[in-house]
Every structure is written in C-alpha cells, then in structure tokens.
Amino acid sequence: MSDCRICAMHAELDSLPPWERIHLDEHWRVGHGWGSLEGWLVVCALPHVESIDRLDPAALTSLSPLLAATGAALREVVGCERTYVVSFGEQPGFQHLHIHVVPRMASFTDTQRGVGVFGFLQVPEDERVSVGRRGQLAEQLAPRIRAGLVGP
C-alpha cells in the first residue's frame, strides 16, 4: 500500500535503527514507540494486512508466543506490573496491523491507566524517550524476547 508508513519502514528493514527492529522474524517486527514511556513497544505485521483476521495461519500462530515473550521481557527490563495489548490501526498512514504492547507501571496515576496511557504519546519531542535510551532498551529487550520464544 503506497501510503502506508509501516510498509514504507518495512521496505527499508536493513537500514532501520536497532530500536525499530528489536525483534524481526518472517512475520513480525518489534520496535520501540515514539512517546515518553520507556518500553512502549509496537509489534508490526510484516505483510500489509489491516486486521488480525487477515493474517495467514503461520503468522497468527506465532503472534501469541511473541506477545507473551514481549510482555515478559518488558516486566524484566522496565519493571512493569503488567502490559496492555492494544490494536486500533485506524490513523491515516497507519492502517496496517500493529499491536501496541505497553508497560503499565506501578507509578501510573488513575488518569494514566487504561486508555489514558495514550497520553504518553501526546508529548513534545523533547519529552520523548531519547534515541540513546531506545537503543539501550533494544539491547536489553532483544535477547529476552528471543529467549522467551525459544523457551527454557
């Protein structure tokens, strides 16, 4: 799809920074989000599909273990109490299946919990997680996600 920003990123996989390819396999790419919350991950389907029901069986089968491994890695690295898993995919340019895996921290206020978590995306650029910190998080998360997919 020519106006899909996620497809445009996938066309340049080899040149994406490490925090945009924390995990990459034949079906999925995991990258760090752009907001102010450390560990906000986005799991993107590699082929252009707009909803889970459009995934091929192999991609669908691999999704649950990837989400579980990603959530466990976040708990270990950023110390979240739980993770939110959310997918809308309706913003112009982002009508591509992508799933937000968001660490819910113990420190969240009532207004930051649930859908209020999206406030972490509505921040000025100088409040966003820095490129350097996203790189550090990628280095910590990648091996843990991999280990979670292979099992003990």
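This section describes helix H2, the largest pocket and two individual residues in a predicted model.

Helix H2 spans residues 57-78 and contains 22 residues. From its first C-alpha to its last, H2 reaches 32 Å. That is close to the 32 Å expected at 1.5 Å a residue. H2 nevertheless carries a kink of about 30° at Leu63. The kink lies shortly before the proline Pro65.

Both ends of H2 show local features. At the N-terminal end, Asp56 acts as the cap. A side-chain oxygen of Asp56 lies 3.0 Å from the backbone nitrogen of Ala58. Just after H2, Gly79 adopts a positive phi of about 75°.

The buried residues of H2 begin with Ala59, Ser62, Leu63 and Leu66. Ala69, Thr70, Gly71, Ala73 and Leu74 are also buried, as are Val77 and Val78. In an α-helix, residues three or four places apart point the same way, because there are 3.6 residues a turn. The buried residues of H2 pack against strands S1 (23-24), S2 (28-32), S3 (41-45), S4 (82-86) and S5 (98-104). They also pack against helix H3 (131-150).

Arg144 is placed in helix H3. Beyond residues up to four places away in sequence, Arg144 touches Ala73, Glu76 and Val77. Of these contacts, Ala73 and Val77 are among the buried residues of H2. Arg144 itself counts as partly exposed, because its relative accessibility is 33%. A polar atom of the Arg144 side chain lies 2.7 Å from the backbone oxygen of Gln140. Arg144 and Arg54 are 90 residues apart along the chain, and their C-alpha atoms are separated by 28 Å.

Pro47 sits in the loop between S3 and H2. With a relative accessible area of 40%, Pro47 is partly exposed. Pro47 touches His27 and His96, leaving aside residues up to four places away in sequence. The C-alpha atoms of Pro47 and Gly93 are separated by 15 Å, with their positions 46 residues apart along the chain counted as the distance apart.

The largest pocket holds about 580 Å³ of space. Its lining comprises 21 residues. Those nearest the pocket centre are Trp34, Val42, Phe94, His98 and His100. Helix H1 (5-10), S2, S3 and S5 each give two or more residues to this lining. H1 gives the most, with three residues. Strands S2, S3 and S5 thus appear in two settings: they contribute to the pocket lining, and the buried residues of H2 pack against them.

Terms used. Residues numbered from 1 in each chain as written. Predicted model: local features only at pLDDT ≥ 70, side-chain atom pairs only at ≥ 80, totals over all residues. Heavy atoms only, no water. Helix = DSSP H or I, 4+ residues; strand = E, 2+ residues; numbered from the N terminus. Expected span 1.5 Å × (residues − 1). Bend = angle between axes of the 7 residues up to and from the residue. Buried < 20%, exposed > 50% of the residue type's maximum accessible area, 1.4 Å probe, protein only. Contact = heavy atoms within 4.5 Å. Polar contact = N/O pair within 3.5 Å; in protein donor to acceptor, adjacent residues only side chain to side chain. 1 Å grid on protein atoms, 1.4 Å probe; cavity = no way out; pocket = protein on both sides within 12 Å on 5 of 7 lines; lining within 4 Å. Points joined across faces, edges and corners; volume = space filled by probe spheres on them.
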